[in-house]
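Here's a protein model to wander through. Could you walk me around a few of its helices and strands?

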Amino acid sequence: MKTRRIEGTDITAALREVRRTLGADAVIMSTRETPEGIEIIAAAPPPAPRRRDQVPASARARAAAGTRVPARAPAGRVVRPGLAALVSHMARPATGPALDAELDAAGFTADVRDGIVGAVAGTAPERALAAAGRARAAQIQVEGAALMHQGGRVAVLGGTGVGKTTTIAKLAAHFARRHGAEQVALVNADQYRIGASDQLRRFARLIGVPVADVRGAAELAAALKKLAGRKLVLVDTAGLGESDVRFAEQAGLLRGAGLDCYLALSLNTQAAVLARGVRAYSDLRLRGLVLTKEDEALSLGAGLSMALRHRLPVSFVTTGPNVPADIRLAKAGRLAERALALAVQARAAAPAAPVESVR
């Protein structure tokens, strides 16, 4: 099976090009986001060999008369869904339950799906999905450029393992490249996790910025005062659950310092877990969300649902562990397109039922 790389400005344009060049039976091997848009690796499988005695006489008669006979697979062969199945939603009516099913496949929660379906009510069926994509993008707030231009006093919050420290290192590195390392400083307020300070210090040495370790409100206030001349001060926090007795202590520490808080949510996490995390930090001064681990996510719907449900801007998206490369400013249209691309990719990877043999 020969593969071909096809690019488009968005998922819709790329899929149309796949269909034009490889046909409606093309198989989607993978999709990924590029600076220019979307890249799809697709293949047009060769037709399965057929023995003459496997084709019914009526079919042979039609073939002899010039009518094309669709190829069918041998017994037991599993056929992956082709492009026709993957993009059929572009042509079929997609209002009400059908549109809701599409949004469900992209990972959106029920309340958010209801809002999007309601926003495109009355739209012509053949245009409903495109309209839903626009509605979804219009509802997503983004905010991140101001931080990278102006700086501030910023804390990154979130549960254990969501990528807070790595996100801080990426933000610090990008800001240092733009404004100079002398304008950036890091503060470690995580005094609970073993090795937390060591990890942050390793990143700081690579970027060339100082780190201050603090314990308690007085030390944090003193550190922020000492670093007042720096444009951007990033505070690393402990990944504590709301049931942890130390959670309230850390929340009070951050609240008293007047920090702008960004909540990191891992995109490879279930919606119910993300919702619990947002609720835990909802009484803090949340400026926006950082959606992490996009490279490990099967869908974006759960993370975007949290942004829409709580009206929180998405500020940054991280796409891997590399510092500083794997982070980008959030863009609403790109997030909506990526959500659809992952839904399409999930359908392509889903096993299909075996095709019955021709008797």
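Below is a short tour of one helix, one buried valine and one group of strands.

First, some ground rules: this is a predicted model, where local features need pLDDT of at least 70, side-chain atom pairs count only at pLDDT 80 or more, and totals for chains, interfaces and linings use all residues. Residues are numbered from 1 along each chain as its sequence is written, and side-chain values use heavy atoms, with hydrogens and water left out.

Let's start with helix H10, residues 217-226. Helices (H or I, at least four residues) and strands (E, at least two) are DSSP runs, numbered from the N terminus. Leu220, Ala223 and Leu224 are the buried residues of H10. Because they cover an arc of only 95 degrees around the axis (taken from the directions from the helix axis to the C-beta atoms), they sit on the same side of H10. Buried means under 20% relative accessible area, exposed over 50%, partly exposed in between (1.4 Å probe, protein chains only). Turned away from that buried side is a face with the exposed residues Ala218, Lys225 and Lys226.

The buried residues of H10 pack against several elements, including strand E4 (152-157). That strand is home to valine 154, which is buried with a relative accessible area of 1%. Beyond its neighbours within four places in sequence, valine 154 has contacts (heavy atoms within 4.5 Å) that include Leu147, Leu232 and Tyr262.

Now over to strand E10, residues 314-318: five of its five residues are buried, so the rest of the structure largely encloses it. Strand E9 runs parallel to E10, joined by three bridges, and leucine 289 has valine 314 as its bridge partner in E10.

Notes:
Two strands pair if DSSP finds at least two bridges between them.
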